[in-house]
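I opened this entry to record what I looked up in the model, beginning with charge and ending with the cysteines.

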Amino acid sequence: MADFLSEAEARDLCDLILAQSTSDGAEVNLSSVATGNTRFARNGITTSGDVIVDRATVTARVGRRSASVTWNDLGTAAIQRAVARADELAVLAPEDPETMPLLGQQTYEQGTGSGWTGAVHNEWLQMTSPRDLAAAAIGKARRSIDAQPIEPGHYTVVLEPTAVGNLVQIIESELDARAADEGRSFFSRRGGGNSIGDAVIDERLTLFSDPVDPDLLTRPFTRQGVPLRRTLWIDTGILSNLAYDGFWAAEQGREPTLRGGGIKLTGGRGTTDDLVKTVERGLLVTRFWYIRPVDRPTLTYTGLTRDGTFLIENGQVTQPVRNLRFIESPISMLGRVEEVGSSQRVVASESGGGGSPVAVPALVIRDFHFTSVSEAV
Amino acid sequence: GGVSLKELCLLALDAARTAGAGYADVRIVNTRTQSISTRESRVTELSDGEMSGIGVRALAAGAWGFTANRGLTRQECQQVAAEAVERARANARAVRAPVELARVDAYPDGTWRSPIRRDPFGVSMEEKADLLLSANAEALRVAGARFVNSSMTFVRQQTTFASTEGSIIEQTAYRSIPSMTVTAVASDFSDFQTRTSGEIAPMGLGYEHVEMSDLQGRAREWAEDAVAKLSAVSVEPGQYDVIIDPTNLFLTIHESIGHPTELDRALGYEANYAGTSFLAPPEDVIGKLRFGPEFMNVLGDRNQEGALATVGWDDEGVPADSWSIVKDGLFVDYQTTREQVPWISDLTGITRSHGCAHAQSWDKIQFQRMPNVSLMPGEEDLVLDDLISATDRGILIKGRGSYSIDQQRYNFQFGGQVFHEVNAGKIGRMLKDVAYQGNTLDFWNSMDMLGGPRSYFLGGTVGDSKGQPPQANAVSHGCPPARFNQFRVINTAR
């Protein structure tokens, strides 16, 4: 059966694909991903599946025109057809004045991570055991029985790292210089330009990307093959960088800075339990869900708490409360930080799958805005 | 020599039977996707592509197993089938009750195709680029409209399906998705507002849908709305009679009726990600729970012409169906697959699947997905203007905006694209920062006016996500405009 591609096979295929193109230039992106899954529900297995997905994308360039074709049949005839189609489309494409030259040879950071394989680690054997994960989930579920509604309003919250990750990952997609310069981003400055240089969050906090950080460990290049290095986005509270693609960087007289390489927030030490002890009255949140944008200029989002929400009184978790809907801005909440814990990798995606690495600490935040109660369990 | 896809399917089924499967089905799927995106006067993306492979699902020892591979030789197809059965046997060790499937008829020669009139893949890229760039130019003629993005995406999915029940079915489904967003920026950069083409739904149709959408003709109106939103009045929160246009209401139906009526959610099978449902347990709610007023009727279907979830047969060979989910305001039935329908047959009297099995592609297992779910128009021939004239103090909401709902589908908050006051039966000032927020059953039970047949519109979404690993689904929702009495409106900027 078509199997997972080895490095040698992948290189040979890339050479073959590029050799077919008759355009001025071409680039190819080839991936081979083997995935397996087993699903449990109602205490039994429901389904499982194994699949290897290969995907090749070739982008053909004719002067300032380009077009891409994606396919997965890696036989010679199919490769020839796909590349011919890309060449044909590239000729027909309108010229793009923002076309940048094709990338030459690059050097990349040497990461040591294997593929992302588990809930909290790149190495299967170092992952928290499924038994421990299940015990933690069961414990929370038991402690959530008979949750009572609480009045919506502004609360001091202790956000577990997963909850912090759910919100902080949103900031990454907003770090775009062009959108800011065009006046359509949270990071646009009144009167024009962007907010690089402004204090945007608490001065204890630093937000960066780094493909070889041991908590992130991810691909050290973008889909276009551009190297990714450590990039400081927010440095002790000050916005230091926004993402500039090749074209916009040239327009603005800067070096390109690209997003990728995961996202990590640092600024303190301590576990969630340590942070709970510092709170006289507040709420402990396990994670957030169904987070969606409400107002783009202020980066305001709405969503709900889920899977374990508790009242804190005098530094102790006392009782479970019903889930709550919030309206908050991930950026402005980071300006209301009381305490910062130690950073750890989390599963921040809504579907609980892999995705771009996110490492964040637990946080205590004051005046977190909850707007209504949900009966949902 | 060449072997047909049907023959490959039958070889795979034979291999599954030989390996001991009690039931097996196979899908060989070829999906072609083409996209062209533009901003202002540039084409930013031009892509085309085709992905294909085989997925075999087998039932052995009471458990499911699934394997998929891109290889389409005789040997590879047989090997995939054998592995699916091996997987089923491994899973059988942790299954609590053996899977039982409701009966389905055999269709040894089934064929179906989306009712397209013009093949989108036969239209040149130049024609497509010209259409989008001309539309962009129209939008930018409006003073204050600074940026515009427009795009069109086309999908053609060809599926050859066969099952050990004796069905062999070939289907070709098309999707056409044109779209535009205009951005206006305040001259002092203090604000920006966007207007997206909510009146244009993604559809299971061909290029004729793009032509009828008339992006060039409507661009101006969208651009004017985006600019007007900059100086719209920030809404005073409170209770209002909320009149919701179908370009917004379709998504509320999706979130608050479509999702909670998925039977697997109601029984806890999707709790880990997509959530559960307040419509549970079935014995407490079927025929008993009042979802809305007596004039409220909701149908599930997979046969509305041009709708996104419309097919000839589902991904386990069940023919397209149409059935009541809410009848005269009462909840009466869920969405089901062959495995699920026996769980509630005693309560519904229905012993056949409603045909909701769907897999995103060859490489993913089919499971219960939302069909088209639609709110039927009222009998009286009312249109939106009639709802407006009957309203003394209200807010009119059009277009799809922000949307968020809890994991049991109770507490929701929905925004929109364009909002207007309604005073003494007339449209007034444009508003902004509007969202309507509340609880699903309170909302539908507050519905007090419903548009008639002439006002029915088919909205749709292509991004519905469920399952782990997640799978995407495309689904349409038809509805007329409707009015909701004294519902809570919040100001999202405060």
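**Charge, fold and cysteines**

I counted the charged side chains of chain A first: 37 are positive and 48 are negative, and the centres of these two sets lie 4 Å apart. I note that the model is predicted, and I read every value below with that in mind.

I then looked up the secondary structure of chain A and found 16 strands and eight helices. For the extent of chain A, I took the box filled by the C-alpha atoms along the principal axes, which is roughly 70 × 60 × 35 Å.

Next I turned to burial and surface. Of the 377 residues in chain A, 51% are buried. The area that chain A exposes is about 17,200 Å², with 48% of it supplied by carbon and sulfur atoms.

I also checked how contacts span the sequence of chain A. Taking those between residues at least 6 apart in sequence, I found that 70% join residues at least 24 apart.

My last search was for disulfides, and over all chains the structure holds zero. Why is C9(B) without such a bond? The closest cysteine sulfur, in C77(B), is 7.5 Å from the sulfur of C9(B), which is too far for a bond, as a disulfide needs the two sulfur atoms within 2.5 Å. I recorded C9(B) as buried because its relative accessibility is 1%.

C479(B) is likewise in no disulfide, and the nearest cysteine sulfur, that of C356(B), is 19 Å away. Is C479(B) buried or exposed? I entered C479(B) as buried, because its relative accessibility is 0%, and the cut-off for buried is under 20%.

How values were computed:
Residues are numbered from 1 along each chain as its sequence is written. Chains are lettered from A and ligands numbered from 1 in the order in which they are written. This is a predicted model: local features need pLDDT of at least 70, side-chain atom pairs count only at pLDDT 80 or more; totals for chains, interfaces and linings use all residues. Side-chain values use heavy atoms; hydrogens and water are left out. Helices (H or I, at least four residues) and strands (E, at least two) are DSSP runs, numbered from the N terminus. Buried means under 20% relative accessible area, exposed over 50%, partly exposed in between (1.4 Å probe, protein chains only). Contact means heavy atoms within 4.5 Å. Accessible areas come from the Shrake-Rupley method with a 1.4 Å probe; for residues, only the protein chains shown count as cover. Lys and Arg count as positive and Asp and Glu as negative; His and the chain ends are not counted. The place of a charge is taken as NZ of Lys, CZ of Arg, CG of Asp or CD of Glu.
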